[in-house]
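Reader: I should like to request a close look at one part of this model, namely its charged pairs. Please explain where such pairs sit, and then relate them to the rest of the chain.

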Amino acid sequence: MQNFEFYNPTRIIFGKGTTASLAEHVPVDARVLILYGGASAEKNGTLAEVRAALQGRTVREFGGIAPNPTYETLMRAVAAIRADKLDFLLAVGGGSVIDGTKFIAAAVDYEGDPWEILTSSGANVTRAVPFGTVLTLPATGSEMNSFSVITRAQTREKLAFGSPYVFPRFSVLDPTRTCSLPLRQVANGVVDSFVHVIEQYLTYPAGGMAQDRFAEGLLLSLIEIGPRLVAQTDSYDLRANFMWIATLALNGLIGAGVPQDWATHVIGHELTARYDIDHARTLAIVLPSMLRVRREAKRDKLLQYAQRVWNLHAGSEDERIDAAIAKTEAFFESLGIPTRLSAYTIGADEIDALVTQLEAHGMTALGEDQAVTLDISHRVLEAAL
Ligand code: NZQ
Ligand code: ZN
């Protein structure tokens, strides 16, 4: 196993009706800014619950943080926080609102051009305004991690940063808050969390026995509940399991002490930046091709995945690997998520431009072994046509 440091200070408050407990977790004398996305949190009553829990406190609101949150919108929130001397943030929404809040938290007191937070991948961040979250969409794990992905609309760049200063102080996870999710977002969440596990698991053997078994447990659970979630939307138990699985998929635990890939995510971010395809949908396109192109480097783990996750025991090694990748693809498709670029009418003539974007962002040596060069990324995209 590799050396590692594990740190995760986020308090999780999980279960039905837990939004009311915000009163205990937001400091009494805080000057609070509630941040949210479009209309969903208002429509499904989440904002009403939040406001009720914080009645009598000093509270302002900032809405309109759209999916794939933009630097341009977030900087307006930064200005409002500075003007009103607010000192505690509360994100109410999915990954986009939480990621946006992380960026805002880091930008408020940042000396210099805040875009550097992204270009330095977070290395320049030395403090952040404290914040909590009320999660409404299980998918990204942002509610219990220190990562954030921000888009600059003007230049169509989508970059990530991470910093120990942007762990949420707490996250309220009430599964009933997810009941209003459109099926599209439920399916997206299943695929995103599935691929988060894969990025930390399907690399090369590193002797992380518990990490592997945890990862396989999360994958098996997603395979079990994914189709049921999209068919039977009102089950509390399914929703509760989904919410906790998505959090566990990217809160640092399964990735400690083992190699991590993330090449699929990096290429996916370029697809979102250029074509506005939902984050999870970009992963469903890239992952199967990535596994096919990288099958030699990933051979041992692909065989383990085939056996332990898909229960494939018959046939030659190559047949088992092919079958495991085909099953992964079929799983995504069964949730209504396409696995080909052609589903978005993206053709071979677009690939050069995507690879140029990767190059511009320095994404020239990706993967657990830095072997995913621009040439390999090109091949992965071609294989996904
Ligand atoms: O804007 P509103 O009206 O709130 O609607 C949202 C949005 O349109 C809606 N929604 C959220 N909760 C709802 C709901 N609709 C009905 N009922 C509810 N309870 O869902 C839509 C999508 O929301 P968004 O927050 O964009 O989705 P998601 O949670 O999938 O977040 C995606 C973003 O997270 C980044 C992605 O790149 C993308 O920008 N990621 C963040 C990561 C992290 N911080 O660790 C890791 C991920 O790999 C990912 O890159
Ligand atoms: Zn993701």
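**Salt bridges and their setting**

Author: Both Glu368 and Lys298 are buried, a word reserved for residues under 20% relative accessible area, while exposed stands for over 50% and partly exposed for what lies in between (1.4 Å probe, protein chains only). This is a predicted model, in which local features need pLDDT of at least 70 and side-chain atom pairs pLDDT 80 or more, whereas totals for chains, interfaces and linings use all residues. Residues are numbered from 1 along each chain as written, chains are lettered from A and ligands numbered from 1 in written order, and side-chain values use heavy atoms, without hydrogens or water.

The two buried residues belong together: Glu368 forms a salt bridge with Lys298 (a Lys or Arg side-chain nitrogen within 4 Å of an Asp or Glu carboxyl oxygen), and the closest N and O atoms are 3.0 Å apart. This pair connects distant parts of the chain, 70 residues apart. Glu368 occupies the loop between helix H14 (351-360) and helix H15 (374-383), while Lys298 is found in the loop between H11 and helix H12 (299-308). Helices (H or I, at least four residues) and strands (E, at least two) are DSSP runs numbered from the N terminus.

Another bridge involves helix H12 itself. The side chains of Asp318 and Arg299 meet at 2.8 Å, N to O. Asp318 lies in helix H13 (residues 317-334) and Arg299 in helix H12, so this salt bridge ties together parts that are 19 residues apart in sequence. The two partners can also be described by their accessibility. Arg299 has a relative accessible area of 16% and is therefore buried, whereas Asp318, with 34%, is partly exposed. Salt bridges with shared partners join both residues to others in one network, made of Arg295, Glu296, Arg299, Glu317, Asp318 and Asp322.

The structure as a whole holds 22 salt bridges. One further example is the pair of Glu111 and Arg127, whose closest N and O atoms are 3.4 Å apart. Why does this pair tie together parts that are 16 residues apart in sequence? Glu111 is situated in the loop between H5 and helix H6 (116-119), and Arg127 in the loop between H6 and strand E5 (131-135), so the bridge runs from one loop to the other. Glu111 has a relative accessible area of 67% and is therefore exposed. Arg127, at 40%, counts as partly exposed.

Helix H5 leads from this pair to the ligand. Helix H5 (95-107), strand E6 (147-152), helix H7 (183-201) and helix H10 (263-275) each supply at least two residues of the shell around ligand 1. That shell numbers 32 residues, of which Gly38, Ser40, Gly95, Ser96 and Lys158 come nearest; a residue enters it when one of its heavy atoms lies within 4 Å.

Three atom pairs give a closer view of the ligand's surroundings. In the side chain of Ser96, an N or O atom is 2.5 Å from an oxygen atom of ligand 1. Ser142 places a polar side-chain atom 3.3 Å from a nitrogen atom of the ligand. Phe147 takes part through its backbone, where a polar atom is 3.0 Å from a nitrogen atom of ligand 1. On its own, ligand 1 has 960 Å² of accessible area, and the protein covers 89% of it; such areas come from the Shrake-Rupley method with a 1.4 Å probe.

Helix H10, which adds residues to that shell, is also a landmark for two residues in loops. Asp276 sits in the loop between H10 and helix H11 (279-293). Its phi is positive, about 60°, although Asp276 is not a glycine. Asp276 counts as exposed because its relative accessibility is 53%. On the other side, Gly252 lies in the loop between helix H9 (236-249) and H10. Its relative accessibility is 32%, so Gly252 counts as partly exposed. Although Gly252 and Asn145 are 107 residues apart in sequence, their C-alpha atoms are 7.1 Å apart in space.

Lys85 provides another case of a positive phi, about 50°, in a residue that is not a glycine. The place of Lys85 is the loop between helix H4 (71-84) and strand E4 (88-93). With 63% relative accessibility, Lys85 counts as exposed.

Definitions and conventions:
Polar contact = N/O pair within 3.5 Å; in protein donor to acceptor, adjacent residues only side chain to side chain.
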